[in-house]
Amino acid sequence: MVDRNGWGGDRPVLTGSRRSPPPSFVEQANVTDSGIYDEFEANWPNCWERAADLLSWNQPYETVLEDEDAPFYRWFAGGRLNAAENCVDRHLEAGRKTHTAIRWEGKHGDRKTYTYRDLYVAINEFAAALRNLGVEEDDVVTIYLPMIPELPIAMLACARIGAPHSVVFAGLSADALATRMDAADSEFLVTCDGYYRRGDAFNQKSKADNARLKLAQDVRTVVVDRLGEDLPHVLGDDEFDYHDLRDRFAGETVDPVPRDAEDMLFLMYTSGTTGEPKGVVHTTGGYLSHVAWTSHAVLDVKPEDTYWCAADIGWITGHSYIVYGPLALGTTTVMYEGTPDYPDRDRLWEIVDRNAVDIFYTAPTAIRAFMKWGEDYPERHDLSSLRLLGSVGEPISPRPWNWYYEHVGNGECPVVDTWWQTETGAVTISTLPGIDEMKPGAAGPGLPGIDVRVVDESGAEVEPGESGYLTIARPWPGMVRTLYDGDDRFRTEYWNQFSDPDRGEWWYASGDAARVDEDGYITVLGRVDDVINVSGRRLSTMEIESAITGVEGVAEAAVVGRSSEANGTDVQAYVSTERGYDDQGEVRGAIIDSIEAAIGPIARPADVLFTPELPKTRSGKIMRRLLEDVANDEDLGDTSALRNPEIVGEIQAEIRGE
Ligand code: WT7
């Protein structure tokens, strides 16, 4: 039984009616040969050369895959390349200097367009500035910026000089930033004065200042002036103004540093099964090949397209599919600073219309909101430029899938439901839109060359229709290489559960539960570990619990996921207080502050329920599983083995509002 999150256990998950790819789409699709699955199978792992061929290499690789030291795989070993050169320079050389690289749609209607030439200039100048500040190859540069053009510019400037970046989502707290900088020993930070959230100016620099105070190392900091007069700031020691630096290094160029295919391109921290975030290491050759290939084969990106992934670059989706994938292919990538409902609920459709967006990629949580707001909003605009729609981050059920297909895609655009993770680097499960039938509610089969299996506890594949653990039985180019400073944790998090090293079998454990059908289509059911997925964002229940138990007066806490129409899953917290802390309003306020300080507002619980005790086993373990069932109003079964069974009924009554 792996259905920890109450996604449906053995209840059938309805998949809607099948749909064939629209002929108008197939006619022009990048990949249309259905033989590709067999071809990849027959030539594995050399089939992945097709991905590597989308890039320009300074030195060709010697082998496609080295697996002697599994699960520490090496892809395209011996090859050398530079990611920034692949994303920018080579497009200039191909005569596409004046082609738009980034179309930025800011708050308050401000807009900026960067041609490939503009991007080249900005990246070079900032790369020169970073070097001057002392950044050397392999130094980790932390970037703590919202959705402004300086974010991808900073990432690519780092890539140009071979300094791995670690982007921390701008909405995370000072504590979260400090933890990540400390874990990565990062001595360089790029941040900004602040940014607009809805109408208001929001101070980012004060969070960065607080983080720096907690760090042992000195941190040289570059500050982008985003808000000008709206939020004046003063620069302190070791702080440099981004625009001053650009002026100082105006016109300078820096040769791209040829990196080994296996050199780290970036680090991305994500939630794991313990409170400590995991520093997922991605490399240059494999990652870039995989994101370029999936942008081409799954998202059908072409250089002449205007392509929009409405995610935040602070998470992996934006790294792979706003920055690296689309720019590697030389397309126009749209970057949006705002929210979908500001100034009005048709904001996204207005942007699609005005920019004639061809491809639109977003998350189910957004699609559910569009559906709730109604079809009037997309109907206000001409969306006929759209050719393909994508979804990522959570399971999408048939109803929102169909709504997206009909009301955004007008029944003419394939919808790709792409399953992947921070650790997989790029899409691993999806239909190929020019080939495969779509089944709303199921993501699709593993991509060509990706060996996806759904297995039971013993590692045996389950029958079609049954649920099990989602695993990947072979390596792939975009995969996480290790955890920063944590080879052991890398093995225990991903490889110990289903691998059989004696037989040379290394199976990657994704942490998701899934079901597979007769055609090999995967329906993802949710997480099986202590991670919850709120609106497509991974949160560690243990990290939230430790923020709660740090509050004065809290005795014990448990956090579980509760299914929610709007967010997929919400955070439900159960808390018992120490004697003398009876003012629940006060404790609740302190709990929320503590969570926001430790992680950020995204981890705020939808509900904090106070209870005299948490249900425990006779050995004293908190029964989170049971609390999850209570939160989701599921059948609880036999609770007699508990030490305190009577408490369950009380909590249940409370949850039901009885
Ligand atoms: C987790 C990874 C990589 C994209 C953004 C999130 C869930 C992702 C799907 C999908 C069902 C999905 C999984 C996965 N997830 N895409 N199409 N259908 N679930 O990256 O933060 O690393 O989260 O998101 O649970 O494990 P992430």
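**View 1. Backbone contacts of the ligand in the predicted model.** A backbone N or O atom of Pro395 lies 3.4 Å from a nitrogen atom of the ligand in this predicted model. Two further residues offer polar backbone atoms to ligand nitrogen: Gly393 at 3.1 Å and Glu394 at 3.2 Å. The ligand, taken alone, exposes 560 Å², and 95% of that area is buried by the protein.

**View 2. The shell of residues around the ligand.** Which elements give two or more residues to this shell? They are helix 11 (316–328), strand 20 (415–418) and strand 24 (522–527). The shell holds 17 residues, of which Asp417, Thr418, Gln421, Thr422 and Arg538 come nearest to the ligand. Sorted by class, the shell has six nonpolar, six polar and five charged residues.

**View 3. Two cis peptide bonds, each leading into a proline.** The bond that joins Ala70 and Pro71 is cis, with omega about 5 degrees. Pro71 is found in the loop between strand 1 (65–66) and strand 2 (74–75). A cis bond also runs from Tyr342 to Pro343, and its omega is near 0 degrees. Where does Pro343 lie? Its place is in the loop between strand 17 (332–336) and helix 12 (347–355).

**View 4. A positive phi angle at Asp300.** The phi angle of Asp300 is near 60 degrees, a positive value in a residue other than glycine. Asp300 belongs to the loop that connects helix 10 (285–297) with strand 16 (306–309).

**View 5. The span that UniProt lists toward the N terminus.** An unreviewed UniProt entry lists residues 36–87 as "domain: Acetyl-coenzyme A synthetase N-terminal". In the model, this span of residues 36–87 is 31% helix and 12% strand. The C-alpha atoms at the two ends of the span lie 26 Å apart.

**View 6. The span that UniProt lists toward the C terminus.** The feature "domain: AMP-binding enzyme C-terminal" is placed at residues 543–621 by UniProt, again in an unreviewed entry. How much of residues 543–621 is helix, and how much is strand? Helix accounts for 28% of the span and strand for 32%. The end C-alpha atoms of residues 543–621 are 18 Å apart.

**View 7. Confidence of the prediction along the chain.** The mean pLDDT of the protein chain is 94, and 97% of its residues reach 70 or more. Over residues 1–14, by contrast, the pLDDT is below 50. This stretch nevertheless has 40 contacts in the model beyond near neighbours in sequence. For the complex, the predictor gives an ipTM of 0.99 and a pTM of 0.93.

Notes: Residues are numbered from 1 along each chain as its sequence is written. This is a predicted model: local features need pLDDT of at least 70, side-chain atom pairs count only at pLDDT 80 or more; totals for chains, interfaces and linings use all residues. Side-chain values use heavy atoms; hydrogens and water are left out. A residue is near a molecule or strand if one of its heavy atoms lies within 4 Å of it. A polar contact is a pair of N or O atoms within 3.5 Å; within protein, one must be able to donate a hydrogen and the other to accept it, and residues adjacent in sequence count only if both atoms are side-chain atoms. Accessible areas come from the Shrake-Rupley method with a 1.4 Å probe; for residues, only the protein chains shown count as cover. Helices (H or I, at least four residues) and strands (E, at least two) are DSSP runs, numbered from the N terminus. Ala, Val, Leu, Ile, Met, Phe, Trp, Tyr, Cys and Pro count as nonpolar, Asp, Glu, Lys and Arg as charged, and the others, Gly among them, as polar. pLDDT is the predictor's confidence in each residue, from 0 to 100. Contact means heavy atoms within 4.5 Å. UniProt positions are given in the numbering used here, feature names are shortened, and annotations may be inferred rather than shown by experiment.
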